[in-house]
Amino acid sequence: KQWYQRRVRVSVRFLEFMPFSGNAWQSPKFVPFDEQKKVIEGHFGPLTRIQDCKTSTSMNYTVPGHTGSIGFISSMSRNFCGGCNRLRLTHDGMLKVCLFGKDEVSLRDIIRDRSLSVEERTEQLGEVIGRAVKGKVLSL
């Protein structure tokens, strides 16, 4: 088991617990990035920061003696909204511009609409996704 973890290039991400409807958010359950990192360094040794791209939503590190990396998505303790260029597609086909936002648009309904030709569905998907991209506000 240890051989696998050290030799195989795996990227592991830790996401801070975030308040969403239905997830029983309570601040005592929140473990900030600094605390997560300290616990991991206590077990593996000092982590070395990897240069991330401007729009990265995670802070990435190498782990001593491992070929993979570890990342922290610190959406609560170190907000990254200003540089986020992500669109998210949920498990049920909804497109979200912001992880924290409630606004969504259904790509699933467009894809399943058999009254439209493939070309019409493709055009509608392009329009919806294009509007979502234009709606992103970046402060890079």
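Buried means under 20% relative accessible area. By that cut-off, Ser69, Gly71 and Ile73 are buried on one side of strand β4, and Ile70 and Phe72 are buried on the other. The model discussed here is predicted.

## Strand β4 and its partners

Strand β4 covers residues 69–73. Because 5 of its 5 residues are buried, β4 is largely enclosed by the rest of the structure. In a regular strand, side chains alternate between the two faces of the sheet. Strand β4 shows two such sets: Ser69, Gly71 and Ile73 point one way, and Ile70 and Phe72 point the other way.

Strands of a sheet pair through backbone hydrogen bonds, in a parallel or an antiparallel sense. Strand β4 has partners of both kinds. With β1 the run is parallel, and 5 bridges join the two strands. Here Phe14 stands opposite Phe72 of β4. With β3 (residues 59–62) the pairing is antiparallel, over 4 bridges. Thr62 has Ser69 in β4 as its bridge partner.

Strands β3 and β4 form a hairpin, with 6 residues between them. Gly65 sits in the turn and has a positive phi of about 80 degrees.

## The open sheet β5-β6-β7

A further group of 3 strands forms an open sheet in the order β5-β6-β7, with antiparallel pairing. Its edge strands are β5 (88–89) and β7 (104–106), and each of them pairs on one side only. Strand β6 spans residues 94–96, and 2 bridges join β5 to it. Leu89 stands opposite Leu95 in β6.

## Salt bridges

How many salt bridges does a search of the whole structure find? The count is 4. The table lists three entries from that search.

| Pair | N to O distance | Relative accessible area |
|---|---|---|
| Lys37 and Glu41 | 3.2 Å | Lys37 18%; Glu41 23% |
| Asp52 and Arg49 | 2.7 Å | Asp52 15%; Arg49 46% |
| Arg108 and Asp109 | 3.3 Å | Arg108 26%; Asp109 45% |

Lys37 and Glu41 both lie in helix α2 (residues 33–44). They are 4 residues apart, about one turn of the helix. Lys37 counts as buried because its relative accessibility is 18%, under the 20% cut-off. Glu41, at 23%, is partly exposed.

The pair of Asp52 and Arg49 also mixes classes. Asp52 counts as buried, at 15%. Arg49 is partly exposed, at 46%. For the third pair, Arg108 counts as partly exposed, and Asp109 is partly exposed as well.

## Surface patches

Which residues form the negative surface patch? They are Glu119, Glu120, Glu123 and Glu127. Glu123 is placed in helix α4 (residues 118–135). Glu123 counts as exposed because its relative accessible area is 52%, and exposed means over 50%.

A nonpolar patch is also found on the surface. Val10, Val12 and Phe14 form it, with about 200 Å² of accessible area together. Val10 lies in the loop between α1 (2–7) and β1 (11–15). At 34% relative accessibility, Val10 counts as partly exposed. Phe14 links this patch to the account of β4: Phe14 belongs to the nonpolar patch, and Phe14 also stands opposite Phe72 in β4, where Phe72 is buried.

Technical notes. Residues numbered from 1 in each chain as written. Predicted model: local features only at pLDDT ≥ 70, side-chain atom pairs only at ≥ 80, totals over all residues. Heavy atoms only, no water. Patch = residues over 30% accessible without salt bridge, like charges linked within 9 Å, V, L, I, M, F, W, Y side chains within 5 Å. Areas by Shrake-Rupley, 256 points an atom, 1.4 Å probe, with all protein chains shown as cover. Salt bridge = Lys/Arg side-chain N within 4 Å of Asp/Glu carboxyl O. Lys, Arg positive; Asp, Glu negative; His and termini not counted. Charge placed at Lys NZ, Arg CZ, Asp CG, Glu CD. Buried < 20%, exposed > 50% of the residue type's maximum accessible area, 1.4 Å probe, protein only. Pairing = 2+ DSSP bridges.
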